[in-house]
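Me: Hi! I have a structure open and would like to talk it through with someone. Can we start with a single residue and work outwards?

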Amino acid sequence: EFRRVLFRSNTSAENRNKIEELTEQFSKERLIRAIDLLCAASAQARYSGFPRTLYEMALVKMCEPEMEE
């Protein structure tokens, strides 16, 4: 709840409306999956010589769910 209050106090009404429109396009499951993919890529990137590639792979997986391992 605190994050929601903080978000609303630091975001203009116009931006809030745009964000609300975007949230209608994605399910909670899809957003959670995207966050999980990015967190995993971030953890792996710390020890990789090619961190950008890991992030790019995560983005592709977000766009193509059937590519999941």
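Me: Is Thr53 buried, exposed or partly exposed, and why?

Reply: In this predicted model, Thr53 counts as partly exposed because its relative accessibility is 38%. That value falls between the cut-offs, since buried means under 20% and exposed means over 50%.

Me: Thanks! Which helix does Thr53 lie in?

Reply: Thr53 lies in helix H4, which covers residues 51–63.

Me: And how far apart are Thr53 and Ala41?

Reply: In sequence, Thr53 and Ala41 are 12 residues apart. In space, they are 9.3 Å apart, going from C-alpha to C-alpha.

Me: Let's stay with Ala41 for a moment. Which residues make up the largest nonpolar core?

Reply: Ala41 is one of its five residues, along with Ala34, Leu37, Ala58 and Met62. H3 and H4 are the elements that give two or more residues to this core. H3 has the largest share, with three residues.

Me: Why would residues like that sit together?

Reply: In soluble globular proteins, nonpolar side chains tend to be buried together.

Me: OK, and what is Ala58 in contact with, leaving aside neighbours within four places in sequence?

Reply: With those neighbours left aside, Ala58 is in contact with Leu37, Leu38 and Ala41.

Me: New topic: charges. How many salt bridges are there?

Reply: The count comes to two. One joins the side chains of Arg52 and Glu56, with 2.9 Å from N to O. The other joins Lys18 and Glu14, at 3.4 Å from N to O.

Me: Where do Arg52 and Glu56 lie?

Reply: Both are in helix H4, four residues apart, which is about one turn of the helix.

Me: And what about Lys18 and Glu14, how are they placed in their helix?

Reply: They are four residues apart in helix H2, so about one helical turn separates Lys18 and Glu14.

Me: Which of those four count as exposed, and which as partly exposed?

Reply: Arg52 counts as exposed because its relative accessibility is 64%. Glu14 is exposed too, with a relative accessible area of 52%. Lys18 counts as partly exposed at 45%, and Glu56 also counts as partly exposed, at 37%.

Me: Nice. What about nonpolar residues on the surface, which ones make a patch?

Reply: Leu22, Phe26 and Leu31 make a nonpolar surface patch of about 250 Å².

Me: Where is Phe26?

Reply: Phe26 lies in the loop between helix H2 (13–23) and helix H3 (28–45). Phe26 counts as partly exposed because its relative accessibility is 33%.

Me: Let's zoom out. How many helices and strands does the chain have?

Reply: There are four helices and zero strands. Read along the sequence, the pattern is α-α-α-α.

Me: How does the radius of gyration look next to that of a compact globule?

Reply: The chain has 15 Å, whereas a compact globule of 69 residues would be near 11 Å. Along its principal axes, the C-alpha trace spans about 40 × 25 × 20 Å.

Me: And what share of the residues is buried?

Reply: Buried residues make up 14% of the 69 residues in the chain.

Me: Last one: how much area does the chain expose?

Reply: The chain exposes about 6100 Å², and carbon and sulfur atoms supply 58% of that.

Technical notes. Residues numbered from 1 in each chain as written. Predicted model: local features only at pLDDT ≥ 70, side-chain atom pairs only at ≥ 80, totals over all residues. Heavy atoms only, no water. Patch = residues over 30% accessible without salt bridge, like charges linked within 9 Å, V, L, I, M, F, W, Y side chains within 5 Å. Areas by Shrake-Rupley, 256 points an atom, 1.4 Å probe, with all protein chains shown as cover. Salt bridge = Lys/Arg side-chain N within 4 Å of Asp/Glu carboxyl O. Buried < 20%, exposed > 50% of the residue type's maximum accessible area, 1.4 Å probe, protein only. Core = buried A, V, L, I, M, F, W, Y, C linked by side-chain atoms within 4.5 Å. Contact = heavy atoms within 4.5 Å. Rg over C-alpha atoms; globule rule 2.2 N^0.38 Å.
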